[in-house]
Amino acid sequence: CDCGNSSVRVMLCHFDGHAIRTELLLQEPNDMFLKGGYYYWDIERIFRLLKKGVGMAVAKAPRVHSIGVCTWGIDFALFDDKGIMVAPPLAYRNTIGAEEMDALSEGQLQEMYYRTGILSDKINTVFMLKGMQSRMPEVFSRGRKLLMVPDILGYMFTGRMFNEVSEASTTQLLDTRTMEFSPEQCEALGIDSSLFCPVATHGASLGNILPQIREEIGAAYDIPVVCVPSHDTASAVLAAPTEREAFAFISAGTWALIGLHCNEPLITQRALRAELTNEVGAFGHITLLKNSIGMFLIQRLRADYIADTGENISWGALTDLAEGYGGPPLLFDVNHESLFNPERMDKAIGDLLSGNGGLGGEPGGEATWAAIMSAAQYSLGASFAMGLGNVADATGEDVKEVIVLGGGARNQRLMQLTADIAGLGVVACDGESTGVGNALAQAAHVCGLPYADLRRIAAASQQTQTFTPREDRSGLLERYQMLIK
């Protein structure tokens, strides 16, 4: 079960002892809803879709051996003393976290980083939780347990409450050195540590699906829900087609997570200056990464284009549109605050381009759709290259190649631009990386496989395409870095 910001998907994964093959059974759109001035996720609808998809798997497969659930990070819901959800999960696109973070000094934010290894970010659970405490006291006061979104779905399936460790690391309340919630961090922020549940171990069973759900989906046997790396980034990176312990990666989904897979957290002043965070990966590993905007830009631009023209434009046609722009490369800061959740992404990008001296350096240039799409791809490529440079500088790693996972890996023009701007090889995975990683963790439980075997299976389960630099575009990286400064 792979639930992202834009879609809910259920895949039937087949393992033949050598490789994993994924079969998409269900895909439905997912989006926030607005109520009382706040954005929420419709978790009940998401769960209904997952049950429907699992039922389809039960009907199709001789036997479903296990279920694994992964989603995005950050977002959570509180449960009362009877185990009932107090309110739907707040979405990280709300601004209450930013207001809480802005109230803290630079010194306090640094202390938070050194206690956990997680970089302070306005969307982190800790700030959203504090925002709820001050702005929604009637909701907050009823909370006795906190579950992240995939934990909620696991609880709905099994009736058992756990906090999965990769998701827990996105709260900024877990110490990534100990893989446990930090009493010091909770105390410093005034958060009751009893809100948290036992931290589950990857590859372990969280419990069987509840009898009433088993009956509902038509299963005549018990099905365990397995603890997988439930932050989708961690599952995707587990599926990287390499047996090396240390490797550079970009998980290019709604967000772009640009980083290095490693064995231990790197909690240093240098890493802090480079804005690198130590999220927990699969089976005790660390994904040292920089969080940047990803395909959210393209998703929102496509929606704006459809609204403007009435044409249901394909992703490939969007790239053709970008390639049709004949002017010089255009750049904007993809992480500019105005792009966090604008009403119209095309207008917000057009305003940024005009503010940077006009399109093509000429004041008053027209922000055509071709210009905006071209600028989005060049700017995303430059942001990927800059993130990789930050990782290399902070770690001392000589990064010569990066593995790209997620939907963005299928955008060939973006992959080539990234190779050209960063000056390194790009290995793009044309497959369901999150689904494969999710299934790998389930295979560890069902088949008793050690981590080393999972890495070999990952390498056998991915189709890849390699992009090498064709043109020296390093000047665009320098321009982008100056633009950010």
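This passage describes the overall dimensions of a predicted protein model and one contact between two of its helices.

The predicted model contains 19 helices and 20 strands. The C-alpha trace of the protein spans about 65 × 50 × 50 Å along its principal axes. For 485 residues, a compact globule would be expected to have a radius of gyration near 23 Å, and the 22 Å computed for the protein therefore agrees with that of a compact globule.

Burial and surface were also computed for the protein. Of the 485 residues, 60% are buried. The accessible surface amounts to about 19,200 Å², and carbon and sulfur atoms account for 48% of that area. When contacts between residues at least 6 apart in sequence are considered, 73% of them join residues at least 24 apart.

The packing of helix H15 with helix H19 was examined in further detail. Helix H15 comprises residues 369–395 and helix H19 comprises residues 474–484. The axes of these two helices come within 9 Å and cross at roughly 85°. Because angles of 65 to 115 degrees count as roughly perpendicular, H15 is roughly perpendicular to H19. On the H15 side, the contact is made by Tyr-378, Ser-379, Ala-382, Ser-383, Ala-385 and Met-386. H19 contributes Leu-476, Leu-477, Tyr-480, Gln-481 and Ile-484. Eight of the residues in the contact of H15 with H19 are nonpolar and three are polar, while no charged residue takes part.

Note on methods
Residues numbered from 1 in each chain as written. Predicted model: local features only at pLDDT ≥ 70, side-chain atom pairs only at ≥ 80, totals over all residues. Heavy atoms only, no water. Axes fitted to C-alpha atoms, helices over the stretch in contact; angles between N-to-C directions. Helix = DSSP H or I, 4+ residues; strand = E, 2+ residues; numbered from the N terminus. Parallel < 35°, antiparallel > 145°, perpendicular 65-115°, else oblique. Contact = heavy atoms within 4.5 Å. Nonpolar A, V, L, I, M, F, W, Y, C, P; charged D, E, K, R; others polar. Rg over C-alpha atoms; globule rule 2.2 N^0.38 Å. Buried < 20%, exposed > 50% of the residue type's maximum accessible area, 1.4 Å probe, protein only. Areas by Shrake-Rupley, 256 points an atom, 1.4 Å probe, with all protein chains shown as cover.
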